[in-house]
Every structure is written in C-alpha cells, then in structure tokens.
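Here's a quick briefing for anyone opening this entry for the first time. Have a look at the sequence and the structure, then read on.

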Amino acid sequence: STDPYIHLNYWVLLIPAVLSGVADMLTFICIFEFLCSQAPFGMKGMLIGLFWFLRAILIDVGSVLSIMIHNLHPEGPSKLSCTSWFMLILGVILVSGFVLYALLAHWYVKRVRDDELNLRTAIEEHFEQQLISEAKHKQNVPNTIFR
C-alpha cells in the first residue's frame, strides 16, 4: 500500500516563510520611512492607506489570474500547479512594477523642489533656537535643588 501523504520536514516550509517575513518587514520599514519623509503632512495617512489598498488589490488580481489560467487551460487543468502560476504572474507584476519604479525614480530625482514652502526646515530651525535659548537659560540660573 502506498502512502498518499508526502512527508516533509517542517524546516522546508519554516525557513522560507521566516525569510519572506523578514524581507517583508524590512521592505515595509523602508517604504513607510520614505512615505513619511517625503509626503506632505496631511497626506501621510492617505498614502499609507493607498499602499495597503493597492497591495491587497494586486494580491487579489494575481490570485484570480492564477486560478483562471490554471483552470481554464484549453487542454484541461495545466501541468503547472496553482502556486507556480501565481509565482509566474507575481513575477510579471514585479518586473513591470520595477520598470515603473525605475521610470518614476528617474523622474523623482530630477524634480525641482519648492524651497519657498520648506516648512520642515523652518520648524527645525525654530526648535533649534528654542533649545539653544533653554540651554543658555539653564546655564544662567543657579541650580538650587541640590543645595
């Protein structure tokens, strides 16, 4: 009698899942750091929400396409598994996304920034002056707590 179950060591599944999770976390940290540093103050929440929305839509589109291609193949179900089709479609989406990213990054580097409305620099200079004045005030006031 043959055993219908495939016996796999759990490390075969655990190691790629952990590496994928670590890669996702590192990628998300960089994405959110870039969004928060470059987005206008009032749009940060909207842009993060748009990121999660588009990510979910792309996962759904990839899943639907992989199921359609797997099941609607002219000769019946295809020889590739549903996971293989999903990875193939995901690869096409990633390559097209990379090309789009390269074009947008090229445009973003060459864009002209508006220095007249540089609110962030003005706020940083204000707080720097406030910290300097507080430090001068602390130097001039004698410390009476420890007497």
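**A salt bridge between two helices**

R55 counts as partly exposed, with a relative accessibility of 29%. Keep in mind that this is a predicted model. R55 is also one half of a salt bridge, and D24 is the other half. Let's start with that pair and then step back to the rest of the chain.

**The pair up close**

- Between R55 and D24, the closest N and O atoms sit 3.8 Å apart.
- R55 belongs to helix α2 and D24 to helix α1, so the pair ties together parts that lie 31 residues apart in sequence.
- Like its partner, D24 is partly exposed: its relative accessible area is 32%, next to 29% for R55.
- How many salt bridges does a search of the whole structure find? The search turns up one.

**The overall layout**

- The protein chain has four helices and zero strands.
- Going along the sequence, that gives the pattern α-α-α-α.
- Helix α1 covers residues 11–38, helix α2 runs over residues 44–71, and helix α3 takes in residues 82–110.
- Take the contacts in the chain with a separation of 6 or more: 33% of them come from residues 24 or more positions apart.

**Where helices α1, α2 and α3 offer a closer look**

- I31 is a residue of helix α1, and with 28% relative accessibility it counts as partly exposed.
- The C-alpha atom of I31 is 9.2 Å from the C-alpha atom of I48, though the two residues are 17 residues apart along the chain.
- Over in helix α3 you'll find G91, which is partly exposed with a relative accessible area of 28%.
- G91 and G62 are 29 residues apart along the chain, and their C-alpha atoms are separated by 9.9 Å.

**Surface and burial**

- How much of the protein chain counts as buried? Just 7% of its 147 residues do.
- The chain exposes about 13000 Å², and 70% of that is supplied by carbon and sulfur atoms.
- There's a nonpolar patch on the surface, and its members are L50, F53, L54, I57, V61, V64, L65, M68, I69 and L72.
- Together, the residues of that patch have about 850 Å² of accessible area.
- One of the patch residues, V61, lies in helix α2 and is partly exposed at a relative accessible area of 38%.

**Cysteines**

- The structure holds zero disulfides.
- Is C30 buried or exposed? C30 counts as exposed, at 52% relative accessibility.
- C36, on the other hand, counts as partly exposed, with 35% relative accessibility.

**How confident the prediction is**

- The mean pLDDT of the protein chain is 79.
- A pLDDT of 70 or more is reached by 79% of the residues.
- Which element of the chain has the lowest mean pLDDT? That's helix α3, with 81, whereas α1 has the highest, at 88.
- So what should you take along about α1? Helix α1 holds D24, the salt-bridge partner of R55 in helix α2, and it's also the element with the highest mean pLDDT.

Note on methods. Residues numbered from 1 in each chain as written. Predicted model: local features only at pLDDT ≥ 70, side-chain atom pairs only at ≥ 80, totals over all residues. Heavy atoms only, no water. Helix = DSSP H or I, 4+ residues; strand = E, 2+ residues; numbered from the N terminus. Buried < 20%, exposed > 50% of the residue type's maximum accessible area, 1.4 Å probe, protein only. Contact = heavy atoms within 4.5 Å. Areas by Shrake-Rupley, 256 points an atom, 1.4 Å probe, with all protein chains shown as cover. Patch = residues over 30% accessible without salt bridge, like charges linked within 9 Å, V, L, I, M, F, W, Y side chains within 5 Å. Salt bridge = Lys/Arg side-chain N within 4 Å of Asp/Glu carboxyl O. Disulfide = S-S within 2.5 Å. pLDDT = per-residue confidence, 0-100.
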